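Hi,

Here is the structure I promised to pass on. Have a look at it first, and then read on for what I found when I went through it.

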Amino acid sequence: MDLSSSNLTGLLQKLCSALSLDPDGAYELAVSYLSSMGEKTRSVQDERLLCQKIQSKLASVSAQDVEKFNECYSKLKTSFILKQRVSVLGLLLALSEMPQHSESTQQLFPIPALNITRSSIGIGGQDSSSSKSTIGSISWGSHLVKQRGSNQSLPSNNSNMVVALQRTDRANERTCVREAVLAATGVRTRASVTCPRPHSILRARIAHLGFLHDRLKEFIDPSSGLMPQGLMGEGLVASIRDELTEYYRSVALLQSQACDSDGGGGGTLRRVCVWAQEPLHRLTWLANIAHAAHHKKGGELASCVHKFVRHGDERVATLARRLLTALTYPLLLMLTRWLLHGEIDDRFNEFFIESRSGVPIDRMWHDKYRVREWMVPSFMSREQAAQILATGKSVVFMREACQDEPGQYDAPPSDHAHYLQALLKPQSDEYTEGLAWWEASGLREGVAGAHAAASARLLAALTEHHHLLDHLAAHRRYLLLSQGDFVHHLMTLLRDELNKSASSLYVHNLSCTLEAAVRATNAQFEPPHVLARLHVNLYPNCDGREDCGWDVFALQYRVDGPLGTLFPATCAARYRALFTQLWRVKRIEYGLHDAWREHTILQKKLKYMPEVWGLMRRVSCLRLEALRLCGALQEAGGVGAEPAWRQLLAAAAARADLDTLLRLHHNALDRHSIHAMIHHTTQELQSYLGNVLNETLALRSFESMLHAGINAELERRDNIERLKAERVARGEYAFTAADESVDKEKRKIFHQFLASRKADLNVWARTYRGHVTTLILKLALHAEVSLQTLAFRLDYSDFYKRGDAKLHEPLTYQHKRLSEIGVHLGQSKDRLKRK
């Protein structure tokens with residue numbers, strides 16, 4: 001059977017591919033065996049020894065394999081096609097003993113193979129059991145073949161001297177090899193022989209392994225102070241110990257082969273140096289990782305190691321991934337316990353969720369737990385960390401704040417629990433897809449599922465058992481004055497009481513009035529759990545000035561239990577500030593409407609008093625102007641905050657997570673605060689609005705004083721007419737000269753009163769319109785678009801624009817730039833010129 005060279009090469013490559021995971025290396029090894037020309041035939045003893053080794057190796061696996069080998073071997077002996085039967089058997093045995101790199105049992109350090117069979121270099125007399133070699137040893141063997149061939153061509157009279165020199169060089173090199181192996185483990189020895197410079201360089205390279213070994217030993221030594229603390233630090237140290245253990249095993253095999261080479265083997269310093277390249281690379285990066293992990297713990301340590309996972313060298317990335325998976329297993333345990341049970345077992349402060357003690361129950365959601373930003377691992381996003389925090393807080397909140405929850409809120413174990421439990425198993429390919437737990441999709445799915453389940457369970461309890469939607473709507477209706485009929489009737493009932501000084505008011509009297517207002521309006525149809533929380537409170541000022549009841553009165557909505565988390569003390573303070581501002585505007589509007597009612601009643605009596613008609617008409621116009629401003633302010637606040645409240649109620653009805661509800665609730669209060677001009681971004685506007693409201697209250701006081709003076713004059717004139725009628729009925733003079741002089745004096749005084757009232761009204765009008773003009777200008781220059789719209793609505797007819805030069809320019813972007821930015825630019829240019 002004749003086969004071409006290409007067919008033989010292809011068949012040999014197929015054989016190596018089927019038997020080894022490294023086909024190229026196995027192919028070179030097979031060529032070295034099959035092309036060996038050291039001896040044409042092998043002894044029967046060598047063949048028998050090879051068969052015994054193969055049988056013993058197969059017997060450790062299966063007895064059937066031994067029988068199958070015996071059958072195949074008997075056929076092989078009777079065949080005359082195969083000429084080098086012993087070499088083929090040796091090749092098959094060597095291929096079976098090559099290291100098999102698999103995912104489960106990966107060789108961390110290469111197994112040294114310093115000895116080369118004599119058959120590969122043309123020397124007979126050795127057992128075929130020493131025929132194991134590596135890819136690198138083939139080239140060394142071929143080099144020795146050439147060297148030996150060159151030695152045979154030397155003259156015969158110099159052969160003894162050459163042999164002696166070769167023996168001396170080999171002895172010195174074997175000594176260098178033994179010392180280099182010891183130096184690889186950090187053992188310091190004195191040089192017993194003088195090595196040539198090339199050997200010294202090779203030995204120095206090998207000795208660098210010892211330096212790296214010492215650095216790693218120092219890192220894992222507890223007494224050195226460099227070993228990281230905590231459970232995750234212990235995981236990293238344990239992984240490095242495993243690496244060093246594998247390194248010791250490889251060095252032990254290297255040392256045993258170096259000792260075997262004393263009997264004439266092929267171990268050289270160059271081969272040791274070639275073997276050291278892979279351990280040198282691995283120990284170097286281990287030392288780099290250990291150096292970067294100094295004085296770090298927890299998630300910070302995981303982030304430090306995770307940086308090496310993104311390294312371009314696949315070997316470094318694999319090493320870092322193995323270390324990271326080992327050191328983050330305690331983090332996985334803490335994470336799973338927090339997500340499923342809401343518990344933190346973190347004795348060494350390694351978890352990125354921090355628990356604080358001494359926090360009251362109403363601030364538990366806000367202050368008890370927080371994320372340590374520097375402890376969040378780099379393989380975890382900030383959004384995922386926020387989800388993990390919210391999930392654990394929801395579990396804790398249900399257990400501690402909602403401990404009276406009925407059993408129907410206990411959700412059965414869902415898919416996210418199976419995901420997280422699967423991550424704890426060493427082999428969980430079903431959920432991790434063969435990846436580490438920190439890079440598997442099962443972690444993201446488990447966290448997202450746990451967050452959704454915990455949020456839905458918590459919102460179900462808050463909405464169904466604690467009536468969250470009812471309390472949100474009640475806050476808006478009664479504290480933000482959205483229930484119009486109730487607010488108007490309450491002001492009507494409280495008007496006389498709140499006109500008194502604050503020191504003469506009592507809460508129980510005001511509470512009775514509140515109950516009467518509730519019974520007389522649509523508020524009576526509210527659920528009992530809403531009406532039971534609505535109360536009256538008085539908040540006197542601390543500046544010592546005497547206040548009236550309007551300034552200290554406030555409605556209060558008391559919440560407790562789990563609802564205290566959604567409406568904490570800070571939130572109650574914001575509602576109180578909003579109520580105070582809205583109540584003040586509503587009170588001014590109510591007072592102006594009351595003045596209009598008085599004016600309408602008084603207008604019917606002024607038929608015979610034409611001197612007050614012009615003043616009354618002027619007051620009525622100014623009152624309508626102020627009423628329109630109050631109405632625009634209230635309408636802007638309601639319209640501007642309506643989308644935020646609609647979004648909040650929709651999220652609560654859809655059972656969004658509690659953090660989303662808190663954010664939307666905070667956003668709704670911000671919108672109300674901005675339009676009420678009590679937000680931190682509208683502090684300047686607050687003062688201007690306060691000036692306008694104070695002037696509006698002054699108008700109400702002015703009109704009350706004017707009505708009182710006119711009513712007094714009307715009453716005096718009515719009394720004179722009544723007196724005239726009585727005198728005429730008695731037959732007397734209706735009006736004497738003395739009465740006429742007194743009447744003239746009184747009319748003169750009344751005319752002076754009207755003149756002074758006209759002058760005061762003119763001053764008030766100029767002052768009021770000046771404040772309104774300034775407010776409109778500041779609103780138009782504000783960054784908030786809704787406030788710019790309010791400025792347009794306050795001056796939609798250009799009334800204030802015609803009366804003030806500051807508003808002559810259109811309130812556009814160019815005008816803002818000229819009025820604000822241009823001034824700053826001019827000032828900055830002036831400063832630059834001075835410099």
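Of the 835 residues in the protein, 42% are buried. Keep in mind that this is a predicted model. The secondary structure comes to 33 helices and four strands. As for contacts between residues at least 6 apart in sequence, 74% of them join residues at least 24 apart.

Helix packing first, beginning with α27, which covers residues 613-653. I looked at this helix with two partners, α28 and α31.

With α28 (residues 658-676), the axes come within 8 Å and cross at roughly 175°. Angles over 145 degrees count as roughly antiparallel, so α27 and α28 are roughly antiparallel to each other. On the α27 side the contact is made by A636, G637, G640, A641, A644, W645, Q647, L648, A651 and A652. On the α28 side you'll find L661, L664, H665, N667, A668, R671, H672 and H675. Sorted by class, the residues of this α27 and α28 contact are ten nonpolar, seven polar and one charged.

The other partner, α31, spans residues 785-794. Here the axes of α27 and α31 come within 10 Å and cross at roughly 155°. That makes α27 roughly antiparallel to α31 as well, and the crossing of the two is right-handed. From α27 the contact uses R628, L629, A632, L633, E635 and A636, and from α31 it uses L790, R793 and L794. The class count for α27 with α31 is six nonpolar, no polar and three charged residues. One residue to click on is A636, which is listed in the contact with α28 and also in the contact with α31.

Now for a pair at another angle: which way do α14 and α16 lie relative to each other? Helix α14 (residues 329-341) and helix α16 (residues 382-400) have axes 7 Å apart and pack at an angle of about 45°. The two are therefore oblique to each other. From α14, the residues involved are L335, W338, L339, L340 and H341. They meet I388, L389, T391, G392, K393, V395, V396 and R399 in α16. By class, this α14 and α16 contact has eight nonpolar, three polar and two charged residues.

Next, some single residues, starting around α28. T660 sits in that helix, and its relative accessibility of 18% is under the 20% cut-off, so T660 counts as buried. The side chain of T660 is joined to that of D657 by a polar contact of 2.7 Å. Further along, H679 is in the loop between α28 and α29 (683-730). Is H679 buried or exposed? With a relative accessible area of 10%, H679 is buried. Leaving out residues up to four places away in sequence, H679 touches R574, D670, S673 and I674.

Then there are two residues other than glycine with a positive phi. H467 has phi near 55° and is placed in the loop between α19 (441-465) and α20 (468-479). Phi of L481 is near 60°, and L481 lies in the loop between α20 and α21. On accessibility, H467 counts as partly exposed at 29%, whereas L481 counts as buried at 12%.

After α21 (484-498) comes the loop that leads to α22 (507-520), and N499 is found there. How far apart are the C-alpha atoms of N499 and G549? They are separated by 5.8 Å, although N499 and G549 are 50 residues apart along the chain. The side chain of N499 also makes a polar contact of 2.9 Å with the side chain of W550.

Last, something from early in the chain: E28, in helix α2 (residues 23-34). E28 is partly exposed, with a relative accessible area of 37%. Its C-alpha atom is separated by 9.7 Å from that of Q13, which is 15 residues away along the chain.

If you open just a few views, I'd go for α27 with α28, roughly antiparallel, then α14 with α16, which are oblique, and then the N499 side chain with its polar contact to W550.

Cheers

Definitions and conventions:
Residues numbered from 1 in each chain as written. Predicted model: local features only at pLDDT ≥ 70, side-chain atom pairs only at ≥ 80, totals over all residues. Heavy atoms only, no water. Axes fitted to C-alpha atoms, helices over the stretch in contact; angles between N-to-C directions. Parallel < 35°, antiparallel > 145°, perpendicular 65-115°, else oblique. Left-handed = near helix turned anticlockwise from the far one by under 90°. Contact = heavy atoms within 4.5 Å. Nonpolar A, V, L, I, M, F, W, Y, C, P; charged D, E, K, R; others polar. Polar contact = N/O pair within 3.5 Å; in protein donor to acceptor, adjacent residues only side chain to side chain. Buried < 20%, exposed > 50% of the residue type's maximum accessible area, 1.4 Å probe, protein only.
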